[in-house]
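I opened the model with a short list of things to look up, and I note the results below in the order in which I took them.

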Amino acid sequence: MKPVKFGTFLFTMLIGLIFQLYPWSNAGIIIRPDFLLVIMIYWVLQAPYHCNIGWVWFAGLLVDLSTGSLLGQHALTFAITAFLGLIYQRRLVLFNRWQLYLYVIFLFGVQRGLILLLKLFAGGELPDWTYGLPVLSDLILWQCMIIWFGELTRPKKL
């Protein structure tokens with residue numbers, strides 16, 4: 001595994017922010033993935049020496065500011081999701097592909113669930129069944145990240 005440059009991490013974060021800010025319409029709004037979340041979770045698991053929970057929290061804060069949602073809502077859920085990812089970061093390289101997909105779906109599902117919980121606490125209404133669809137598009141984006149930047153691999157023995 002080639003070490004990742006910090007510039008690559010920042011570049012992907014910028015690209016994720018641009019796609020996050022893109023004005024989606026019609027069905028695109030329903031299935032729009034959380035670009036920054038997927039990118040940040042990938043880098044937290046792939047290169048924790050560049051991307052830590054602080055960076056993920058900052059990305060969530062950018063999403064909060066750009067979407068006009070409750071300040072700190074995405075930052076909190078992104079940070080909790082990254083924490084859950086980091087707990088098993090060393091073990092994830094031992095998982096096979098399908099186990100890793102299930103774990104990533106779990107992480108993205110937790111993030112969506114936490115956002116829903118915060119919205120309900122703020123007096124929002126219960127969304128319909130399409131609320132969970134972005135988890136699937138997150139998984140597709142996750143696969144794109146793996147194709148572009150490589151799978152999670154075991155660290156080399158020194």
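I began with Leu 14, which at 47% relative accessibility counts as partly exposed, a class I use for values between the buried limit of under 20% and the exposed limit of over 50% relative accessible area (1.4 Å probe, protein chains only). Leu 14 sits in helix α1, where helices are DSSP runs of H or I with at least four residues, numbered from the N terminus. Together with Phe 11, Ile 15, Ile 18 and Phe 19, Leu 14 makes a nonpolar surface patch of about 480 Å²; such patches join nonpolar side chains (Val, Leu, Ile, Met, Phe, Trp, Tyr) within 5 Å, in residues with over 30% relative accessible area and no salt bridge, that is, no Lys or Arg side-chain nitrogen within 4 Å of a carboxyl oxygen of Asp or Glu. The areas come from the Shrake-Rupley method with a 1.4 Å probe.

I should record that this is a predicted model, in which local features need pLDDT of at least 70 and side-chain atom pairs count only at pLDDT 80 or more, while totals for chains, interfaces and linings use all residues. Residues are numbered from 1 along each chain as its sequence is written, and side-chain values use heavy atoms, with hydrogens and water left out.

I then turned to the interior. The largest nonpolar core (buried Ala, Val, Leu, Ile, Met, Phe, Trp, Tyr and Cys residues joined through side-chain atoms within 4.5 Å) has 36 residues, and Ile 41, Trp 43, Phe 108 and Trp 142 have the most contacts inside it. Helices α1, α3, α4, α5 (73-87), α7 (97-121) and α8 (133-149) each supply at least two residues of this core, with the largest share, eleven residues, coming from α3. Setting aside residues up to four places away in sequence, I find Phe 108 touching Leu 37, Val 38, Ile 41, Val 135, Asp 138, Leu 139 and Trp 142, contact meaning heavy atoms within 4.5 Å.

Next I looked at Pro 48, in the loop between α3 (35-46) and α4 (53-67), and found this proline partly exposed at 31%. Beyond its neighbours within four places in sequence, Pro 48 is in contact with Trp 43, Leu 86 and Gln 89.

Why are there zero disulfides? The sulfur of Cys 51 is 19 Å from the closest cysteine sulfur, in Cys 144, which is too far for a bond, since a disulfide needs two cysteine sulfur atoms within 2.5 Å. Cys 51 is buried at 1%, whereas Cys 144 is partly exposed at 26%.

How values were computed: Patch = residues over 30% accessible without salt bridge, like charges linked within 9 Å, V, L, I, M, F, W, Y side chains within 5 Å.
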